[in-house]
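Q: I am new to this structure and would like a close look at a single part of it. Please take one helix, describe which way its residues face, and then place it in its surroundings.

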Amino acid sequence: YINCWVNAKDETTAKDKAVKYIKTQEWEPLNIEEIYITNRERYVDEPDSLECFEQAINCGVGAIFCTWSINDEDE
């Protein structure tokens with residue numbers, strides 16, 4: 001799964017930017033679980049998330065790609 005932070009004027013634009021970014025990383029989005037407006041204070045104790053938030057502010061999109069081995073699905 002992927003957590004994305006997007007600097008956008010509304011949720012539709014944020015979703016479109018996130019999907020476009022994900023596809024440039026050669027992933028195929030299947031669904032979106034949630035979209036919400038957030039702020040920097042939410043991530044002050046979460047360094048990885050704060051870095052992605054700041055990246056979105058500066059570059060438009062920040063993301064964390066969470067992966068696991070195919071073998072892990074069997075366990």
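A: The buried residues of helix H1 are Ala14, Ala18 and Ile22. Around the helix axis these three cover an arc of only 65 degrees, which puts them on the same side of H1. Thr12, Lys20 and Thr24 are exposed, and they lie on the other side of H1. The model is a predicted one, and every statement here describes that prediction.

The length of the helix can be checked as well. H1 has 14 residues, and at 1.5 Å a residue these should span 20 Å; the C-alpha atoms at its ends are 20 Å apart, so the model agrees with the expectation.

The helix belongs to a protein of 75 residues, of which buried residues make up 20%. The secondary structure comes to 3 helices and 2 strands, and from the N terminus on the elements run β-α-α-β-α. Taken along the principal axes, the C-alpha atoms fill a box of roughly 40 × 30 × 20 Å.

H1 also takes part in the largest pocket, whose volume is about 1300 Å³. The lining of this pocket draws at least two residues from each of strand S1 (2–6), helix H1 (11–24) and helix H2 (47–59). The largest share, 6 residues, comes from H1. In total 37 residues line the pocket, and those nearest its centre are Ile2, Asn3, Cys4, Ile32 and Glu34. By character, the lining divides into 23 nonpolar, 5 polar and 9 charged residues.

The aromatic residues give a further view of the surroundings. A search of the whole structure finds 5 aromatic pairs. In one of them, Tyr1 and Trp68, the ring centres are 6.4 Å apart and the planes stand at 45 degrees, so the pair is tilted. Tyr1 is in the segment before S1, while Trp68 is in the loop between strand S2 (61–65) and helix H3 (70–74), so this pair ties together parts that are 67 residues apart in sequence. Tyr1 has a relative accessibility of 52% and therefore counts as exposed. Trp68, with a relative accessible area of 48%, is partly exposed.

Another pair joins Trp5 and Tyr43. Their ring centres are 5.8 Å apart and their planes are at 80 degrees, so this pair is edge-to-face. Trp5 lies in strand S1 and Tyr43 in the loop between H1 and H2, so the contact ties together parts that are 38 residues apart in sequence. Both Trp5 and Tyr43 are buried. Together with Phe53, these two residues form one aromatic cluster.

Finally, helix H2, which like H1 supplies at least two residues of the pocket lining, contains Glu54. With a relative accessibility of 25%, Glu54 counts as partly exposed. Glu54 and Val6 are 48 residues apart in sequence, and their C-alpha atoms are 9.9 Å apart in space.

To return to the helix itself, H1 has Ala14, Ala18 and Ile22 as its buried residues, has Thr12, Lys20 and Thr24 exposed on the other side, and gives the largest share of the lining of the largest pocket.

Key
Residues numbered from 1 in each chain as written. Predicted model: local features only at pLDDT ≥ 70, side-chain atom pairs only at ≥ 80, totals over all residues. Heavy atoms only, no water. 1 Å grid on protein atoms, 1.4 Å probe; cavity = no way out; pocket = protein on both sides within 12 Å on 5 of 7 lines; lining within 4 Å. Points joined across faces, edges and corners; volume = space filled by probe spheres on them. Helix = DSSP H or I, 4+ residues; strand = E, 2+ residues; numbered from the N terminus. Nonpolar A, V, L, I, M, F, W, Y, C, P; charged D, E, K, R; others polar. Phe/Tyr/Trp six-rings, centres within 6.5 Å; stacked < 30°, edge-to-face > 60°. Buried < 20%, exposed > 50% of the residue type's maximum accessible area, 1.4 Å probe, protein only. Expected span 1.5 Å × (residues − 1). Arc of directions from axis to C-beta.
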